[in-house]
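Subject: Structure for your review

Dear colleague,

Please find below the structure that I am handing over to you. I would be grateful if you could read the notes beneath it with the structure open beside them.

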Amino acid sequence: MRSFSIMLEYALILGAYLLSIGIYGLVTSRNMVRALMCLELILNAVNLNLVTFSDFFDSRQVKGKILSIFVTAIAAAEAAIGLAIILAIYRNRKSTRIDQFNLSKW
């Protein structure tokens, strides 16, 4: 039991690092593609925590894994829609920098 609690701590620390890097990158990013990548890091940190807590607390070890599949599906849809929006903005503005465009001036 002692070794599993150490593994739990390591997984939660890794999840916290991923979340911190994702939030920092999302706040400081000027490029929309980088912002989407940081959002994916945040969602991966959530997935890691869901699976870790599921293995630690759930006796059947199913609920966290099912929720992580839903989060992964939402992340895939977000990436597809986000990249389509970025491509549309790039075609009109020739830039993907967040601070160089205004959506009200199409």
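The notes below begin with the whole chain and then turn to its second helix and to two individual residues.

Please bear in mind that this is a predicted model. The chain contains three helices and zero strands, and its pattern along the sequence reads α-α-α. It comprises 106 residues, of which 26% count as buried. If one takes the contacts between residues at least 6 apart in sequence, 52% of them join residues at least 24 apart.

Helix H2 covers residues 32–57, which makes 26 residues. From its first C-alpha to its last it reaches 37 Å, close to the 38 Å expected at 1.5 Å a residue. At the start of this helix, Asn 31 places a side-chain oxygen within 3.2 Å of the backbone nitrogen of Val 33. The buried residues of H2 are Met 32, Ala 35, Leu 36, Cys 38, Ile 42, Ala 45, Asn 47, Thr 52 and Ser 54. As general background, an α-helix has 3.6 residues a turn, so residues three or four places apart point the same way.

H2 packs against helix H3, which spans residues 63–93. Their axes lie 9 Å apart and form an angle of about 175 degrees. Angles over 145 degrees count as roughly antiparallel, and H2 and H3 are therefore roughly antiparallel to each other. Sorted by class, the residues in the contact of H2 with H3 are 14 nonpolar, six polar and five charged.

Ser 29 is situated in the loop between H1 and H2. Is Ser 29 buried or exposed? Its relative accessibility is 9%, and because buried means under 20%, Ser 29 counts as buried. A polar atom of the Ser 29 side chain lies 3.5 Å from the backbone nitrogen of Ala 35, a residue that is itself buried in H2.

Leu 19 belongs to helix H1, which runs over residues 2–28. With a relative accessible area of 34%, Leu 19 is partly exposed. Which residues does Leu 19 contact, leaving aside its neighbours within four places in sequence? They are Ile 42 and Ala 45, both of which appear among the buried residues of H2. Leu 19 and Glu 40 are 21 residues apart along the chain, and their C-alpha atoms are separated by 9.8 Å.

With kind regards

How values were computed: Residues numbered from 1 in each chain as written. Predicted model: local features only at pLDDT ≥ 70, side-chain atom pairs only at ≥ 80, totals over all residues. Heavy atoms only, no water. Helix = DSSP H or I, 4+ residues; strand = E, 2+ residues; numbered from the N terminus. Expected span 1.5 Å × (residues − 1). Buried < 20%, exposed > 50% of the residue type's maximum accessible area, 1.4 Å probe, protein only. Polar contact = N/O pair within 3.5 Å; in protein donor to acceptor, adjacent residues only side chain to side chain. Axes fitted to C-alpha atoms, helices over the stretch in contact; angles between N-to-C directions. Parallel < 35°, antiparallel > 145°, perpendicular 65-115°, else oblique. Nonpolar A, V, L, I, M, F, W, Y, C, P; charged D, E, K, R; others polar. Contact = heavy atoms within 4.5 Å.
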